[in-house]
Amino acid sequence: MDGDMEVDDSGGRWDFLDWVGPDTSSCIFQLLDDPADLARAAAVSRSWRRFVIGREFCKVLCRRICPEVASFTRAVVVTRLPPAAESSRDSEFRTRERDHVVYSYLGGALVSAKPSMDCILHCIGASSTDYFPEETIENTLDPRDRVHHRPSYWSSGGHEDPDAPESLTYRLSSDLCMIHEVRVQPFQAFFQTGNPIYASKAVRIRMGHSKLPPGEESFVTDENENRKAIADENYVWTYTSPEFPMLPENVLQTFKLPRPVLCIGGVVKIELLGRIQKQASDHKYYICVCHAQVIGRSLSPDFMVDISDPAAYSILKYLPGASNLCMEDIINSDAKDSTEWHSLVARYRQMRHVAMVNMLLGPVQFMDGEDDVGGVTDDDLYM
C-alpha cells in the first residue's frame, strides 16, 4: 500500500480507509491472522486506530484463534494503583478502547512461542481407585514407574464390563492455560504373569471450571478419592476433545489436540474410555496409569479470570506489568496497591506456593515397613 494513502487525517491527502470504504477495509483487516499485524495497523494513524478499535478486530481475531474466548463477557484492565475517575462521555468508545488493549495483549499471549511445560498443579480426584492410598491418582504425578522399590501407578476399580469408563481430574497451575496436548502412560504390571498392560481403548479430554465454592475442591486425602468433588454436576466443561485411540504400550503416549485450547477455569479431566485387560486373579477389567501430563502454557499472572455466573460466563482481567514482578513484589504487597490488584496477585502467589511445594517435595508417597526390604512380591501389590 502506498504510504501517501495512509497518512494522518490532518495532511489533506487521501486515507486508504476513505479510499476503499469501510466495508472493503473490514474485509481486508479480517484477513490478518497475526495479532501483531493488527497492533501495527492501529499504530498507522488516528483514523486507523479508531477503525481497528471501533470494529473490535482484536477481539474477533482472539475468538478465531480460540473459540473459548467467546465466553468472556467483559474485559477489565487491573492496574496496580487505583484507577482515576473517568468521564461518562464517549463511554462506549472508551470501553472498546479498553477491550482493544486487553485483546491485543491476549492475542499475543495466545500465539506466543514460549516453551510449553506440564501444567498440572495437583490432583482433584479419580472416578474410582482399587486400593487407596497405595494406588492413588497422586502416583500419576511422578514420572517414575518405581518409587521406594515399589511400582508407582493409579489403578481403577475392577469391572466386568469392558466398556466401563474411568476418569482422572486435575487442577492446572493457572485458571487460564493454553493447552496443546495431553500425555498418558499406561501401566505394565511386571509383577503379574505375562506382564499385562492395563491400557484403555481410547482417551478423551475435557476442560472447564469448577462450580464448587473455594476449598471444597481439596487435595486427595480420603479413601473415596474426592469422588464428590469430581462429580460432573460440579463442573462446567467448555471444551471436549475427539476420542484418541490408546496403544497397549508402556510408554508415555501423546494425544495432540486438533488445535491449541484455552482452558478457562484450570480444570482438566482425562477420560479413559473402555478396557482391554482382565486381571487373572478376579477376571475383572482394570485401567492403570503410571504417569499423566497436560502440556501447555500458563497465561498468569498477566491474565486472570473471574467466573461467577452459573452459565459459565467469565470476566477476563489483564494485569499490565504483572509478569515483571520480582519475587519480593509477589510476596509483599504495597499499601498503595489497588484492592483488586492485591487480591489477584495474592491468588497467583498461592498458586506459585503450591507449585513450588510440589516441585520440592513431589507428590505424596505412601510407605510401609516392607518398603525397606526391597524387592516386590505379589502379596505386596494390589489391583
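## A walk through the fold, starting at a helix

In helix α4, which spans residues 46-54, the buried residues are Ser 47, Trp 48, Phe 51, Val 52 and Ile 53. Keep in mind as you look that this is a predicted model. What lies over those buried residues? The cover includes α1 (16-20), α2 (22-29), α3, α5 and α6 (91-110). Just after α4 comes Glu 56, and its phi is positive, near 55°.

Two of the buried α4 residues turn up again when you look at rings. Trp 48 and Phe 51 belong to a cluster, linked by ring pairs, that also holds Phe 29 and Phe 57. Glu 56 has partners of another kind: together with Lys 59, Arg 98 and Asp 99, Glu 56 takes part in a network of salt bridges.

That brings us to charge. Side chains of opposite charge can pair when their charged atoms come close. How many salt bridges does the model have? The count comes to 17, and three of them are worth visiting in turn.

Begin with Arg 40 and Asp 37, whose side chains meet in a salt bridge of 2.8 Å, N to O. Both residues sit in helix α3 (residues 35-42), and they are three residues apart, about one turn of the helix. Arg 40 or Asp 37: which is exposed and which is partly exposed? Arg 40 has a relative accessible area of 54%, so Arg 40 is exposed. Asp 37 has a value of 28% and is therefore partly exposed.

Next, find Glu 68 and Arg 259. They form a salt bridge in which the closest N and O atoms are 2.4 Å apart. Here the pair links distant parts of the chain: Glu 68 is in the loop between α5 (57-65) and β1 (72-77), while Arg 259 is in strand β12, and 191 residues separate the two. Glu 68 counts as buried because its relative accessibility is 7%, whereas Arg 259, at 26%, counts as partly exposed.

The third stop is Arg 206 with Glu 271, where the side chains meet in a salt bridge of 3.1 Å, N to O. Arg 206 is in strand β9 and Glu 271 is in strand β13, so this pair ties together parts that lie 65 residues apart in sequence. Are these two residues buried or exposed? Both Arg 206 and Glu 271 are buried.

Strands β9 and β13 also lead us to the nonpolar interior. The largest nonpolar core has 32 residues, and those with the most contacts inside it are Leu 172, Ile 179, Met 207, Ile 270 and Leu 272. Which strands each supply at least two residues of this core? They are β3 (120-126), β7 (166-172), β8 (176-186), β9 (200-210), β12 (253-264), β13 (267-275) and β16 (288-298). To get a feel for the packing, pick Leu 272: leaving aside residues up to four places away in sequence, Leu 272 touches Trp 154, Pro 165, Glu 166, Leu 168, Ser 200, Ala 202, Val 203, Met 246, Ile 287 and Val 289. Apart from this core lies another one, of 31 residues, and among its members are Phe 29, Trp 48, Cys 62 and Ile 264. You have already met Phe 29 and Trp 48 in the ring cluster.

Back to the rings, then: the model has 13 aromatic pairs. In one of them, Phe 187 and Phe 190 have ring centres 6.2 Å apart and planes at 65°, so the pair is edge-to-face. Phe 187 also pairs with Phe 191, and that pair is tilted, with 6.2 Å from centre to centre and 40° between the planes. Phe 187 counts as buried because its relative accessibility is 2%. Phe 191, at 14%, is buried too, while Phe 190, at 30%, counts as partly exposed.

Our last stop is an open sheet of three strands, in the order β1-β18-β17 and with mixed pairing. Why is one side of β1 and of β17 (303-307) left without a neighbour in the sheet? These strands stand at the edges, each with a single partner strand, so nothing in the sheet flanks the other side. From one strand to the next, the twist averages 25°. Strands β17 and β18 (residues 314-318) run antiparallel and are joined by five bridges; in β18, Leu 316 is the bridge partner of Val 305. Across β1, β17 and β18 lies α6, which runs at about 100° to β1. Helix α6 is also one of the elements covering the buried residues of α4, where this walk began.

Key:
Residues are numbered from 1 along each chain as its sequence is written. This is a predicted model: local features need pLDDT of at least 70, side-chain atom pairs count only at pLDDT 80 or more; totals for chains, interfaces and linings use all residues. Side-chain values use heavy atoms; hydrogens and water are left out. A nonpolar core is a set of buried Ala, Val, Leu, Ile, Met, Phe, Trp, Tyr and Cys residues joined through side-chain atoms within 4.5 Å. Buried means under 20% relative accessible area, exposed over 50%, partly exposed in between (1.4 Å probe, protein chains only). Helices (H or I, at least four residues) and strands (E, at least two) are DSSP runs, numbered from the N terminus. Contact means heavy atoms within 4.5 Å. A salt bridge is a side-chain nitrogen of Lys or Arg within 4 Å of a carboxyl oxygen of Asp or Glu. Rings of Phe, Tyr and Trp (its six-membered ring) pair if their centres lie within 6.5 Å; planes under 30 degrees apart count as stacked, over 60 as edge-to-face and the rest as tilted. Two strands pair if DSSP finds at least two bridges between them. Axes are lines fitted to C-alpha atoms, for helices over the stretch in contact, and angles run from 0 to 180 degrees between N-to-C directions.
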